[in-house]
Amino acid sequence: MSKRIPLLDEVLKYRKENNLILSMPGNKSGIGFLRDEIGKEFVNNMGFLDITEVDPLDNLHCPEGVIKEAQELLAKTYDVKKAYFVVNGSTTGNLASIFDAFNEGDEILVERNCHKSVYNGLILRKLKVRYIEPVIHKDKGIFLPPTEKEIYKALDECKDAKGIILTYPNYFGIGYDIFDTLIELKKKGLKIIIDGAHGAHYGITEKLPKSIVKYADYIVLSSHKTLPSLTQGSYLLVNNDNNVDFYLKAFMTTSPSYLIMSSLDYSRYYLDNYGKEDYDKLIDLANKWSIKINKLNKVSVLNEENLPDGYSLDSSRYILILPKGYSGHKLLDYLRNMNIQCEMSFAGGVVLILSPFNLEKDFEKIYNSLGKLDLSLLADVQYQNYYSVIPKKVLEPYEVFNMEFEYVDIYESIGRISKEALTPYPPGIPLICAGEVISKEAIEIISGYIRNNKTVIGLDRELVKVIKI
């Protein structure tokens with residue numbers, strides 16, 4: 001009989017490292033609950049609050065008491081028609097929205113840089129897809145959200161579009177002013193789903209980008225990413241629905257965690273009572289220290305002035321960009337060795353998710369760690385930047401789901417139809433979607449990830465699934 005408890009041991013070991021958490025979750029491993037006495041009471045009793053549906057604690061699948069009240073308060077905070085607690089993460093919110101908004105065979109526009117759960121929803125709901133192609137900031141090496149130009153280009157290629165799925169903001173905290181475009185799309189009869197996973201805090205202060213919630217039919221917010229919620233805690237906000245209650249019940253566990261739900265309630269309370277004050281302070285701190293970091297002349301903190309007109313940037317996170325020829329993946333490893341946990345790396349830099357719970361000493365730690373950085377250790381002569389790849393779609397994602405496949409070496413897969421999405425992680429954006437032709441350009445990008453020991457979801461030891469000819 002084994003006495004090993006490997007996962008618990010490793011989690012406890014990680015906790016003892018006392019890392020500066022600049023990644024998810026938004027509660028920063030519990031620190032976010034220390035804002036006031038009720039938060040402290042919650043976190044100090046967390047292990048004893050794992051309970052189930054007993055009186056007087058209500059039932060998430062048939063809320064009539066305190067859960068109903070909590071969700072009504074949430075709807076008031078975000079000024080939407082309905083609001084729901086989601087305990088299976090934003091994946092459940094995305095799936096429920098897709099199933100409620102569309103019927104099998106509907107044609108929809110989908111931003112290519114969307115979450116895996118959206119792609120899964122396309123297959124499960126058997127939807128016809130017209131992808132909105134990505135925009136690349138070539139100088140900074142990052143993805144940008146599509147503008148009205150890319151959206152209308154995709155719309156013009158549709159026969160009978162029923163809706164659109166967009167991500168706002170993207171994984172870098174970048175958004176685009178598409179509010180008027182969304183109004184026009186709704187006038188055309190399109191249903192609008194927004195995956196707002198990284199924007200649960202938007203709109204609480206004018207120092208943050210504008211909230212998008214009132215412009216969409218369905219908005220999914222990952223509260224656990226930027227607010228003091230526990231992991232998997234999300235909000236589904238709805239302005240127009242058919243049977244979304246049913247789909248939420250279908251996709252969500254019948255044993256919802258009261259710990260997660262309680263943290264979701266606390267996050268809403270936190271926004272109402274402390275959000276503006278705390279985020280104003282955070283952004284002032286972030287701006288102050290970004291100037292100091294840039295003067296080190298080692299990395300640069302991206303600011304909104306670096307982006308094209310119309311784009312917004314979440315000032316409550318740092319996008320650290322290296323000079324050309326240096327690896328963001330190696331920078332992530334360096335900062336990890338300095339006990340700073342980044343959210344993600346990309347070819348030319350890293351993303352740090354700041355929070356109102358970061359103090360002056362945390363910014364000092366970032367600054368001092370970057371000050372000690374020897375850039376030569378991050379050199380990458382085979383530096384691979386992001387660039388736009390537009391694959392040819394031959395089949396719909398749901399059409400290839402049950403087709404026979406075979407494994408081939410990635411370097412022999414060029415010209416073949418991919419059975420599954422090939423998704424470099426981070427940032428978790430499919431490079432090739434199911435039913436698309438694998439191109440030489442895509443293989444070159446995948447090779448860069450393999451070379452840097454980074455994950456490509458859909459790859460099995462440099463083998464890829466392709467449809468049998």
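The paragraphs below go through a predicted model, from its nonpolar cores to helix packing, single residues and backbone exceptions.

The largest nonpolar core holds 127 residues. Within this core, Tyr-78, Ile-174, Leu-237, Tyr-318 and Leu-331 touch the most other members. Helix α10, which spans residues 258–294, supplies the largest share of the core, 16 residues. Apart from this core lies another, of 16 residues, and Leu-422, Leu-431, Ile-438 and Ile-446 are among its members.

Leu-237 shows what surrounds one of the well-connected core residues. When neighbours within four places in sequence are left aside, the contacts of Leu-237 include Leu-74, Tyr-78, Val-80, Lys-82 and Ala-83. Val-213, Asp-217, Tyr-218, Ile-219 and Leu-221 are also in contact with Leu-237. Tyr-78, itself one of the core residues that touch the most other members, is thus listed among the partners of Leu-237.

Helix α10 can be followed further through its packing against two other helices. One of these partners is helix α12, residues 360–371, whose axis lies 10 Å from that of α10 at an angle of about 20 degrees. Because angles under 35 degrees count as roughly parallel, α10 is roughly parallel to α12. The crossing of this pair is right-handed. On the α10 side, the contact is made by Leu-282, Leu-285, Ala-286, Lys-288, Trp-289, Lys-292 and Ile-293. The α12 side contributes Glu-360, Phe-363, Glu-364, Ile-366, Tyr-367 and Leu-370. Sorted by class, the residues of this contact are 9 nonpolar and 4 charged, with no polar ones.

Helix α2, residues 37–44, also packs on α10. The axes of α2 and α10 come within 12 Å and cross at roughly 165 degrees. Angles over 145 degrees count as roughly antiparallel, so α2 is roughly antiparallel to α10. This crossing is left-handed. Ile-38, Gly-39 and Phe-42 of α2 make the contact with Leu-259, Ser-262, Ser-263, Tyr-266 and Tyr-269 of α10. Here the residues divide into 5 nonpolar and 3 polar, with no charged ones.

Leu-49 sits in the loop between α2 and α3. Its relative accessible area is 31%, so Leu-49 is partly exposed. Beyond its neighbours within four places in sequence, Leu-49 is in contact with Phe-42, Tyr-258 and Leu-259. Phe-42 and Leu-259 also take part in the contact of α2 with α10. Leu-49 and Phe-143 are 94 residues apart in sequence, and their C-alpha atoms are 41 Å apart in space.

Two residues in other helices can be described by their burial and contacts. Tyr-119 is in helix α5, residues 116–124. Tyr-119 has 7% relative accessibility and therefore counts as buried. With neighbours within four places in sequence left aside, Tyr-119 is in contact with Glu-111, Arg-112, Cys-114, Tyr-131, Pro-430 and Cys-433. The C-alpha atoms of Tyr-119 and Ile-469, 350 residues apart along the chain, are separated by 24 Å.

His-224 lies in helix α8, residues 223–226. At 9% relative accessibility, His-224 also counts as buried, because the cut-off is under 20%. Not counting residues up to four places away in sequence, His-224 touches Met-24, Pro-25 and Gly-26. Further contacts of His-224 are Ser-229, Leu-230, Thr-231, Gln-232, Gly-233 and Ser-234.

The backbone has some exceptions to a general pattern. Most residues other than glycine have a negative phi, and most peptide bonds are trans. The peptide bond from Met-24 to Pro-25 is cis, with omega near 0 degrees. Pro-25 lies in the loop between β1 and α2, and both Met-24 and Pro-25 are touched by His-224. The peptide bond from Tyr-168 to Pro-169 is also cis, with omega near -5 degrees. Pro-169 is found in the loop between β7 and β8.

Asn-18 and Asp-79 depart from the pattern in phi. Asn-18, which is not a glycine, has a positive phi of about 55 degrees. Asn-18 is in the loop between α1 and β1 and is exposed, with a relative accessible area of 56%. Asp-79, also not a glycine, has a positive phi of about 60 degrees. Asp-79 belongs to the loop between α3 and β2. With a relative accessible area of 64%, Asp-79 is exposed.

Definitions and conventions. Residues are numbered from 1 along each chain as its sequence is written. This is a predicted model: local features need pLDDT of at least 70, side-chain atom pairs count only at pLDDT 80 or more; totals for chains, interfaces and linings use all residues. Side-chain values use heavy atoms; hydrogens and water are left out. A nonpolar core is a set of buried Ala, Val, Leu, Ile, Met, Phe, Trp, Tyr and Cys residues joined through side-chain atoms within 4.5 Å. Buried means under 20% relative accessible area, exposed over 50%, partly exposed in between (1.4 Å probe, protein chains only). Helices (H or I, at least four residues) and strands (E, at least two) are DSSP runs, numbered from the N terminus. Contact means heavy atoms within 4.5 Å. Axes are lines fitted to C-alpha atoms, for helices over the stretch in contact, and angles run from 0 to 180 degrees between N-to-C directions. Angles under 35 degrees count as roughly parallel, over 145 as roughly antiparallel, 65 to 115 as roughly perpendicular and the rest as oblique. A crossing is left-handed if the near helix is turned anticlockwise from the far one by less than a right angle, and right-handed if clockwise. Ala, Val, Leu, Ile, Met, Phe, Trp, Tyr, Cys and Pro count as nonpolar, Asp, Glu, Lys and Arg as charged, and the others, Gly among them, as polar.
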